[in-house]
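Here are a few exercises to work through with the model open. Try each one yourself before reading the solution.

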Amino acid sequence: MAIDELLIAFEKILSNYPELPVIETRELLKQHLSKRKDFDTQDEAIIEALLRDKDKLLEKSFIESVENYIKDIGLENDRSDFLRSKEGQYKVVEIFLSVLEKLVDYYYQVLLNMQIGGL
């Protein structure tokens with residue numbers, strides 16, 4: 001997978017959160033991705049398609065998930081402090097990876113439904 005492309009996209013998405021230390025959070029994602037071996041060639045193709053998606057589904061889903069998390073734990077007023085913290089950086093990376101995995105799974109499901117429906 002083109003990890004650099006994913007990191008660049010992640011960094012652009014993080015511009016929605018100016019209080020988040022982008023370089024540190026990007027490096028944290030890079031570390032997590034280097035440890036993961038569960039993305040196969042098909043996953044990588046789907047991820048590359050998500051990165052080129054004109055509707056920006058990955059970005060929108062990620063932002064929505066972060067906002068929901070912040071709201072759910074009651075940090076609307078303390079969001080800047082949370083996003084600056086190591087805990088916040090870890091959570092943002094965790095949310096990004098979760099969204100990415102869910103979108104990959106979603107696309108597999110769509111492809112499977114198309115195959116079954118086409119039989």
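Buried means under 20% relative accessible area, exposed over 50%, and partly exposed in between (1.4 Å probe, protein chains only). This is a predicted model: local features need pLDDT of at least 70, side-chain atom pairs count only at pLDDT 80 or more, and totals for chains, interfaces and linings use all residues. Residues are numbered from 1 along each chain as its sequence is written, and side-chain values use heavy atoms, with hydrogens and water left out.

**Exercise 1.** Work out which residues of helix 2 are buried and what they pack against.

Solution. Helices are DSSP runs (H or I, at least four residues), numbered from the N terminus. Start with the buried set: Thr 25, Arg 26, Leu 28, Leu 29 and Leu 33. Looking down the axis of helix 2, these buried residues fall within an arc of 155° (taken from the directions from the helix axis to the C-beta atoms), so they line one face. Flip to the face turned away from that side and you find the exposed residues Ile 23 and Lys 35. Finally, the buried residues pack against helix 1 (3-14) and helix 6 (86-117), where contact means heavy atoms within 4.5 Å.

**Exercise 2.** Find the backbone oddity at Lys 56 and place it.

Solution. First check phi: Lys 56 has a positive value of about 55°, although it is not a glycine. Next, locate Lys 56: it sits in the loop between helix 3 (41-52) and helix 4 (57-72). Last, its relative accessible area is 47%, so Lys 56 counts as partly exposed.

Definitions and conventions. Helix = DSSP H or I, 4+ residues; strand = E, 2+ residues; numbered from the N terminus.
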